[in-house]
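Let's walk through this structure together, starting where the chains meet. Keep the viewer open as you read.

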Amino acid sequence: MIFKKGLLIPSFVFWSLLFIALIAMAEEGAPFIGVPVGASPLSLWSTGTHDFYNYISSKYPHTMIVTRLDELEFPKNAKHCLFITISPELPYTAEESALIVERLARCERPALLIADEFNTSNTLLAAIGSSARITGLQLFVNDENLGLPSPFVAATFVLPSGEDLLLILDRASYIEGGAQVIGYVDHAIAIDTLNGNTIPVRKAPVAVYESTGHFKAVIISDGSIFLNQVLRSNLSNIYLKTLAIYIDELCEKSRDCRIVFDSSKYVTVDAENLLQSASSGQHTLAPEDLLLLALLYTIKLIHPSTWFVHVMKVVGDYTLKAFTAPPLSYVSIVITTVLLSNLVLQRVGLRTRDDKMDEVREVEHLVTGDIINAITKGKYRLERKDFISLYEIVDNTLNYALGCSLSDPGVLNILARYIGEEPARRYVRNMTRLYMKATGRSRLPLVISWSRVVKKHIEESEKIFNSIGLTLLGDKGPEYVPTV
Amino acid sequence: MIKATQRVVPVVLLSATLIIVGTVLEPSLLLLGLALFLFVASMKGLTTLEYMAASRIATNWRVKGSVEGEEIIVELDLVNNSWVPIVFAEASFNYSPFLRLVQGSRAALIALPPKGRVIYRAVLRARTGRHLIGPVKFVIRDPFGLYRSPEVVVSHPIILDIRPRTSEVVVRRLFAYTRSTGLTKARDAGLGVEFYDTRDYRPGDEIRWIDWKKLASMNRLVVKEFERETFQTVLFLVDATPYTTQGPYGNTPFEHMARVVASISRYLGKRGDLVGLVVFDHRKVISTGKLYRGSRAFYEVLKTLSMVEYSSEGFTESNRAEMLVKAFGEIIKMLPRERNAVFLFTSSWSEESQLLVKLVKKLSALNSTVYVVVPIITAYEVKELPTWARAVYRVKAYDRLKKDIEFATRLRKLGVKVVSVGPEHIPQAIVAVLETLAH
């Protein structure tokens, strides 16, 4: 079996498809580099909660994030399910709340962890039958140093073990209702941000626990304790410890607890706009956030929609100049023609010489073909050895026909009867003398041209032969002298 | 499969130029350039279609003539069964290089319409032996010669066996010769052609031999008696290797020997002698298989001689010796126990002549009288020359003549009987030997 190396996809096809893809991408436009702002579990910014998500998912393997509520699913035989929403920026509608409740209800022991400074989650609380409501009244304390109210309030959290932990909250709200208060601010001022009214409060609930029969819920009126910047600070242990305790409580420490972080209620902002607004001072971003944004923005820069059209325009302008402005245009046309022709000829396939087909060559081999060719073309010379041959032919033939050879003494008389005495004598004498000369037995006579001598004696021999009924020229010659 | 020729290059260059100039400068030229390119592509398609149609051409051979010297008329029907016209087909008619084309052409340009038929006719001069006629090959091109197909064999070769011509003149001369010399008369009464005497009728005699004149005149029922012919066994062993198939067209030593063997076989067959033949060429040994009598003998001899194949490729004397050994093996298989005459027709040998002598002696020891017939090569080839050149040829080729004579002489000295005469005298020389052996 012979294997041939070849391309699965020809280069031309590959580059063509690539070019088409670039055009399509350029037409499609740059992607929207969406950066989720707010306390989204997807957000790596300082104001995101991705670190909290990572921490929980390391303890509870069945932890996931949903970006759309229709993705919310719990397996039918799940025992523990927990829905977490932290500082949602968009309110839950009644339909959405009902969907969440319906999905959670598939579990045996559903639970919720809601951290919200405003009343965005109240619909959801109502949907699960909780009495707790986040009022939106923000709690402040007087900052003696600044002489101004400060949103950083110290809240006491009562852990299930009975231990108390003090956590600093930022813009926590007053919670009404709820079955059991698990976190409170001792002395604070509740400010209505809508009308600016202030109400001094004592032991203002900032975290409650409620069990509504089927659902359990922990409601905390501040999402800041979940933020990346808090969990990355040097106080992260305390916060994580507290939050982990509540998660454990809600999941009853079951590793099979299905935990879902909701990321559908956050606004996505374009990275480029975010960078611009940060540079103009509208947003404050940490240095690592800036670096991340810059990296994301690079993706937009390398996208074909940013540079492709410009490159094509430049190429097009130069190409047009190359093909329209003489004398460069002539050179360009010639080069392109040659390249295109070469490409086409390669595609056209192998070339072959268009020769005529071979014809039969009739053969005729002659044993003495070289002699025959030489004689018919006139390219022969008669030499000394040819005279010897002639003498022997004549000698044999006369021996057969007359019974005596040229060297016999009686040959003269016999020949004289056919051609006359004088011609016979002359012939025999010449033949004999020349034979002695040709065989090297005599130096005489002098021979200038053996060719002429042989020809002459061939003619004379033919006359002799004719006189005795033989021939050197006919069909039957000396070869017919029998040797049987 | 279909390849572009050198003519494609300028057309593609022109097309590319028109496309480039059309794209950049003059749009009206772009279409022309594209049209030219498409034209080139379509020619390839056309050539491919025609090539496929050519591959499916149906053929039928018709051959007239089967005897040497005659004209063999060869006709080939070419039928295009497809709907594709074959417009430019270059055809090549191949045949054995040892034959001569007398009429017709070795190459042609053929146009075969769809569902059409063309008859290709050629006339060759027949020559004894087995020859191939064909194959016929086509090469397809488009009308502009831009593309060319590979060769396609349209018709495979056929085999033609040509019988040697017998010379009626030779046969009659043989009968006349033997009658005049009294060689065929056995002087015994029996079955024969010559009237011998009359005798009384015996029951069982054929009515046609009754002498009605004597019955009418003498009232006596007598029948005519004829001379009994003597019968014998004659085997011919013919060398048809390249050493004897070289020479003038139709007059090589082998072809001449084939005519002689055929003529003598006819003569011997009529006489009632048993005849067998073994021929060896460059690659095989062919024989009549057994001895035959009468017209059957003649037929088998002709058939065997017509199966000889010619070759001109490297064939040495040692190859020849190998074939000779095989041929002798065949001869021995056919030998009957009675005395036989074996005639080996071959040309002179140089290195392996000892082997030839050895085989001849072996055959002689098996109750056979063996004669080696050595034709004189120069006697055949001199006829190629005009009269004025023959004397010079005979002088120049005398060494070759001496070689043949010396070979014959050497064989005789080693105790081998040799017939070394000119071609015209061979038949009489052989018959004279036969008749001598018969008595």
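The paragraphs below cover the interface first and the disulfides after that.

This is a predicted model, in which local features need pLDDT of at least 70 and side-chain atom pairs count only at pLDDT 80 or more, while totals for chains, interfaces and linings use all residues. Residues are numbered from 1 along each chain as its sequence is written, chains are lettered from A and ligands numbered from 1 in the order in which they are written, and side-chain values use heavy atoms, leaving out hydrogens and water.

Begin with chain B, where 77 residues are in contact with 56 residues of chain A (heavy atoms within 4.5 Å). About 6,000 Å² is buried between the two chains, with carbon and sulfur atoms giving 63% of that area; buried area is the accessible area (1.4 Å probe) that two parts lose on being put together, summed over both. Arg394(B), Val395(B) and Lys396(B) supply 12% of what chain B buries against chain A, more than any other three residues.

Lys396(B) also forms a salt bridge with Asp386(A), at 3.0 Å from N to O. The interface of chain B and chain A has 9 salt bridges (a side-chain nitrogen of Lys or Arg within 4 Å of a carboxyl oxygen of Asp or Glu).

Now for the disulfides, pairs of cysteine sulfur atoms within 2.5 Å. The structure holds 2 over all chains. One of them joins Cys81(A) to Cys107(A), with 1.7 Å from S to S, and is left-handed, at -80 degrees about the S-S bond.
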